[in-house]
Every structure is written in structure tokens, then in C-alpha cells.
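This briefing sets out the architecture of the protein chain, topic by topic. Please consult it alongside the sequence and the model shown here.

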Amino acid sequence: MPKLPPLFNPSNDMALAVDVREYTPPRRIRLMEEELQDLAHCWEEGPWGWSLATKQRYLKMGIGEELLPSDEWLKEVRRLASREFSCLYLKELLKAIPSKKLLGREMRFCTSIDEDKEGRIYKSLWSSSGRGIFTTDGLSKDHLRERLEGLLSAQGGYVEDRFYENKLQDCAMEFKVSADGEVEFLGYSVFKAERNGTYQYNIVENQQTLRSMIGVEDELLEALIEYHKTQLGRTAYRGYVGIDMLTTKDGKLHPVVEINFRMNMGILALKLYEKYGSKANVQLTPKREHGFEAEVKDGKLSIGYKP
């Protein structure tokens, strides 16, 4: 079967939210996709993420519908990609692996506003790179309620979690689900996000170094990997998966901050390490006086924007 051409479409999570075939991202996101399209050559084939809009883009390229996933499969991908699913997944994981080292019991899917709380982080059901995420920092109760009502109106719910002031490290486990449902653990990734969740960069480094940065005992991590391999293999999804986590200064781990059923910057960082090694300095897309560009500088993969 012919391979699908690679496609860098990070607007896909926004397309999942609206769930239409003819989706036009905001102007700045369209510009980002256009100017960073060279990133797509870093993986073998297919899109950054799947949705009805992604399928439509391939159809417009002249790709036959018989080579593309069914609408039913895409509907299931949308369900899995929702942060509501991440909450359900985490709840079952904490039952299966009842370790005192695991956090996340305060993460929940909400369909109403029952009370205002301090020290919380809120997330829309579909968004990427920190968009659709905000904390209670600097928000009045009225403004917070207004934003939460907006999420309820737009997506029918939102996710609430504790904001971990003692966060030590953002990290992830990266997987690939093959066509026959076999799940491969690709490795760990370590990244930096701002306080409000906005993505900054991924570290391009060997697995031993990344593993040491995570700092959680091997036995717990291995148990999580095996659990994820079993559970991901039971879904209908096929392709790349990244499970975001965080560690805290007291040595604990939040094992499922969210699940990305798509290509992601962590997997891209793994591929770039395989190609360029440690402490790399690589310009991945053309340098621009204005606009978007991607680079690895001193071993840090990032996307920059110049107004």
C-alpha cells in the first residue's frame, strides 16, 4: 500500500474540537503550518494528527479514499484524544497501580462549575501546545467562572487538576501502535513548559540522560510502560502516542497529565537524537526575518516566532 505523504498539521487538535471536514485554522496557525512544513520530513509518513479535516486535506491532494481511515475510526480517535478520556484512563491506572508515589487523584472531568478553588489548572478538552490551558493565577472568581462557562459552552466540559507548585520536571513516555495492534515503547522525552502550560522546548539527548532527569525508580516506570502497552493495544488507534507526565520535588510522579494520540515534539526529539546525537545545533526549517522557524540549539528543540 502506498505511503501517505508526511503532513505537519498541528492545528489538528483544534480541528478535533470543532469536528468538521472543512476547517480553517486561525491565520497565525496557518502561517505556522506553512512555514514549518519541512518538519514533516522528520518522520516516515502520514500526518501530525488525524481528524475529519486531515482526511479532507489528503482527499484534496488526490489521495484515494480507500487509502485513508474511515469516518468511524476518526470518530474514535477524537474520543481518545479528548482530555476527558485521559481522566478516565488515569482513574483506572491508579486502581491498577496503587503506588503512593503516583499523583493525579485530583484530576477530573467536569460538566458543571460546582465551586471556585485556588491552586488549580484548567484545560479544554481538545487543544495543543498549552493552548486552552490556564491556571487560577491572577484570575478573579468572576473571571474564572466566565472562562469555565466558555469551556462548557464550547466543548461541553473541561478538565480540572491540582496545580503542582513543587513541579520538578515535565516528561513523557512515547509509544507507537502498529497496524496489527502491537505497541512499542519508543523511549522517554523531557520537555519544558511555562507555568501556564505553554510549550517551550524538548531536550534532544540519549535515553540514559533523559531517564536520569525523570528521577523515578525503574520498577514504577516499568510497571507504567507495561500498563500503557496493554491498554493502548486494546484501542482501535494506530500510530504515535505520547503520554505526558510530571515529577515533583518530593519524588512523586503524575503519570497521565494528558495523552496525545498523534505525532508530538517528544517523538520528534527522539528521531532528531538518532540522527544528530547530543548537544546538536541544527536549523530544521529556513531561517526567517519574520515568521516561524524550528531549530535544535545546544540540544534543545524549539519553535520560534519573529513578529
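In this predicted model, helix 7 (residues 207-214) lies across strand 5, strand 6, strand 7 (199-203) and strand 8, and runs at about 60° to strand 6. The strands that helix 7 crosses belong to an open sheet of 8 strands, whose order is 9-8-5-6-7-12-11-10 and whose pairing is antiparallel. The points below begin with this sheet and then turn to the other sheet, the aromatic pairs, one glycine and the chain as a whole.

**The sheet of 8 strands**

- Strand 9 and strand 10 (282-283) are the edge strands of this sheet, each pairing on one side only.
- Helix 5 (residues 83-96) also packs on the sheet, where it touches strand 8 and strand 9; the direction of helix 5 makes about 145° with that of strand 9.
- Strand 5 and strand 6 run antiparallel and are joined by 8 bridges. Within strand 6, Phe191 is the residue that stands opposite Asp170.
- Strand 5 pairs with strand 8 as well, in the antiparallel sense and over 10 bridges. Ala172 has Asp244 of strand 8 as its bridge partner.

**Strand 8 and its hairpin**

- Strand 8 (residues 239-248) is largely enclosed by the rest of the structure, because 10 of its 10 residues are buried.
- Strand 8 and strand 9 (residues 253-260) are paired in the antiparallel sense over 5 bridges. Leu253 in strand 9 stands opposite Thr247.
- The hairpin of strand 8 and strand 9 has 4 residues between the strands, and Gly251 in this hairpin takes a positive phi near 80°.

**The sheet of 4 strands**

- A further open sheet contains 4 strands in the order 1-4-2-3, with antiparallel pairing. Its edge strands, each pairing on one side only, are strand 1 (108-110) and strand 3 (133-135).
- On average, neighbouring strands of this sheet are turned by 30° against each other, direction ignored.
- Helix 6 (residues 141-155) packs on this sheet and touches strand 1, strand 2, strand 3 and strand 4. The direction of helix 6 makes about 155° with that of strand 3.
- Strand 2 (residues 120-123) and strand 4 (residues 158-162) run antiparallel and are joined by 4 bridges. The bridge partner of Tyr122 in strand 4 is Glu160.

**Gly156, between helix 6 and strand 4**

- Gly156 has its place in the loop between helix 6 and strand 4.
- With a relative accessible area of 41%, Gly156 is partly exposed, as this value falls between the 20% limit for buried residues and the 50% limit for exposed ones.
- When neighbours within four places in sequence are left aside, Gly156 is in contact with Phe109, Thr111 and Leu151.
- Gly156 and Gly104 are separated by 52 residues in sequence and by 22 Å in space, C-alpha to C-alpha.

**Aromatic pairs**

- The structure holds 14 aromatic pairs. One of them joins Phe175 and Phe185, whose ring centres are 5.4 Å apart and whose planes are at 55°, so the pair is tilted.
- The pair links distant parts of the chain, with Phe175 in strand 5 (residues 167-177) and Phe185 in strand 6 (residues 183-193), 10 residues apart.
- Phe175 counts as buried, at 0% relative accessibility, whereas Phe185 is partly exposed, with a relative accessible area of 24%.
- A cluster linked by ring pairs comprises Trp50, Tyr58, Trp73, Phe85, Tyr89, Tyr227, Tyr237 and Phe261.

**The chain as a whole**

- The protein chain has 9 helices and 12 strands. Its radius of gyration is 19 Å, close to the 19 Å that the globule rule gives for 307 residues, so the chain is as compact as a globular protein of that length.
- Taken along the principal axes, the box filled by the C-alpha atoms is roughly 50 × 45 × 45 Å.
- Of the 307 residues in the protein chain, 52% are buried. The accessible surface comes to about 14800 Å², and 48% of this surface belongs to carbon and sulfur atoms.
- Among contacts between residues at least 6 apart in sequence, 65% join residues at least 24 apart.

How values were computed. Residues are numbered from 1 along each chain as its sequence is written. This is a predicted model: local features need pLDDT of at least 70, side-chain atom pairs count only at pLDDT 80 or more; totals for chains, interfaces and linings use all residues. Side-chain values use heavy atoms; hydrogens and water are left out. Two strands pair if DSSP finds at least two bridges between them. Helices (H or I, at least four residues) and strands (E, at least two) are DSSP runs, numbered from the N terminus. Axes are lines fitted to C-alpha atoms, for helices over the stretch in contact, and angles run from 0 to 180 degrees between N-to-C directions. Contact means heavy atoms within 4.5 Å. The radius of gyration is taken over C-alpha atoms; the globule rule is 2.2 Å times the number of residues to the power 0.38. Buried means under 20% relative accessible area, exposed over 50%, partly exposed in between (1.4 Å probe, protein chains only). Accessible areas come from the Shrake-Rupley method with a 1.4 Å probe; for residues, only the protein chains shown count as cover. Rings of Phe, Tyr and Trp (its six-membered ring) pair if their centres lie within 6.5 Å; planes under 30 degrees apart count as stacked, over 60 as edge-to-face and the rest as tilted.
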